[in-house]
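Let's take a walk through this protein, starting with how we decide what sits inside and what sits outside. Have the structure open and follow along.

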Amino acid sequence: MIKSALFVGLITLDFIYLADSPPQNNQKLVATDYTVAAGGPATNAAVTFSHLGNKATILGVLGSHPMKQLICTDLENCQVAIIDLDPHQITPPPVSSIIVTQGTGERAVISINAVKTQANITSIPPNILENIDIILIDGHQMAISFHLAQTAKTHNIPIVIDGGSWKPGFAEILPFVNYALCSANFYPPNCKNQQDVFNYLQDFNIPHIAITQGENPIQYLTCGQSGVVNVPKIQTVDTLGAGDIFHGAFCNYILQTSFIDALALAGNIATNACKYFGTRHWMNL
């Protein structure tokens, strides 16, 4: 059965280059390959969810600048619907420039996040949660996310957070969260290690928590049961967007199976994506 998900957060335009290494000061590099795609944590997760046979909608700020057409075309090709929280904004959408190191798959990123494009809750369309099966929040639209999290909880719609890094405002949203998927770089206030992070999130009564660690096993805590989920070993080409892809795949699988199995299946999808350059090529095979 086709499921529907709402992905709340950042919409960017990503310029992705493959090179021998990131540039040094005053150095000019010639890339060996490049690609352009819509990006942002929630956006890449929405693309993945759609690719796995579902209906995905991204809720964020896009605006009216001509650059938006590149984003719209890409997401249309990926069959992801867009709800623009500020369609009259004339400034360019956030742009990310990414250098992927050939040989290691590591990435260096410079970007503008959504700090300058925070939307007001009055811009949320009515009945936006109608027929929505799951929500993912990436933390880049906190006021919008807080409002939707409260509403979703009253409708028993599960909420997933993408904890790529700690962002002010997460503490208000955490009481409504069902699934906290965090990276190894997610450190709430006064947390110095991963056990601190688990303890912090448990204090909000979040039933299912996981911390990803790249190629290392995923650590989890679910209803008092802790453990690890192994990640397949591969020759990495590009790690860009792997976490986003993991989150989108998780939203697909958690609607079908258990938390631990969803982590494993999503980990397989994200690992497979790391075999290919860019955030889209893995879907074309």
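A residue counts as buried when its relative accessible area is under 20%, and as partly exposed from there up to 50%. Keep in mind that what you're looking at is a predicted model. With that cut-off in hand, take Tyr200: its relative accessibility is 17%, so Tyr200 counts as buried. Trp166, at 22%, is partly exposed.

Those two residues belong together for another reason. A pair of aromatic rings is described by the distance of the centres and the angle of the planes. The model has 11 aromatic pairs. Trp166 and Tyr200 make one of them, edge-to-face, with 5.7 Å from centre to centre and 90° between the planes. This pair ties distant parts of the chain together: Trp166 is in the loop between strand S9 (159-163) and helix H4 (170-173), while Tyr200 is in helix H5 (residues 194-202), 34 residues apart. Another pair is Phe250 with Phe259, whose ring centres are 5.8 Å apart and whose planes are at 85°, so this one is edge-to-face too. Phe250 and Phe259 are both buried. Back at Trp166 and Tyr200, ring pairs also bring in Phe170, Phe186 and Phe204, and the five are linked into a cluster.

Now for the nonpolar interior. The largest nonpolar core has 44 residues, and those touching the most other members are Phe7, Val80, Val160, Leu181, Phe250, Phe259 and Leu263. Helix H7 (residues 259-273) gives the most to this core, with seven residues. There is also a second, separate core of 37 residues, which includes Ile132, Ile173, Val197 and Ile206. To see the surroundings of one member of the largest core, click on Val160: leaving out residues up to four places away in sequence, Val160 touches Ile134, Ile135, Leu136, Ile137, Tyr179, Leu181, Phe250 and Cys251.

How much of helix H1 (residues 41-51) is buried? The count is 10 of its 11 residues, so H1 is largely enclosed by the rest of the structure. Among the buried ones are Pro41, Asn44, Val47 and Phe49. Just after H1, Gly53 takes a positive phi of about 100°.

Two strand residues are worth a stop. Ile82 is found in strand S5 (residues 80-84), and its relative accessible area is 29%, so Ile82 is partly exposed. Apart from neighbours within four places in sequence, Ile82 is in contact with Ile11, Ile58, Leu62, Cys72 and Leu75. For a sense of scale, Ile82 and Pro217 are 135 residues apart in sequence and 34 Å apart in space, C-alpha to C-alpha. Thr101, in strand S6 (residues 95-101), has a relative accessible area of 12%, so Thr101 is buried. Setting aside neighbours within four places in sequence, Thr101 is in contact with Ala19, Asp20, Ser21, Pro22, Glu106 and Val237.

Last stop: the largest pocket. Its volume is about 1400 Å³. The pocket is lined by 49 residues, and Arg107, Thr239, Gly241, Ala242 and Gly243 lie nearest its centre. What is the lining made of, by class? There are 16 nonpolar, 24 polar and nine charged residues. Helix H6 (residues 242-253) gives the most to this lining, with five residues.

Terms used
Residues numbered from 1 in each chain as written. Predicted model: local features only at pLDDT ≥ 70, side-chain atom pairs only at ≥ 80, totals over all residues. Heavy atoms only, no water. Phe/Tyr/Trp six-rings, centres within 6.5 Å; stacked < 30°, edge-to-face > 60°. Helix = DSSP H or I, 4+ residues; strand = E, 2+ residues; numbered from the N terminus. Buried < 20%, exposed > 50% of the residue type's maximum accessible area, 1.4 Å probe, protein only. Contact = heavy atoms within 4.5 Å. 1 Å grid on protein atoms, 1.4 Å probe; cavity = no way out; pocket = protein on both sides within 12 Å on 5 of 7 lines; lining within 4 Å. Points joined across faces, edges and corners; volume = space filled by probe spheres on them. Nonpolar A, V, L, I, M, F, W, Y, C, P; charged D, E, K, R; others polar. Core = buried A, V, L, I, M, F, W, Y, C linked by side-chain atoms within 4.5 Å.
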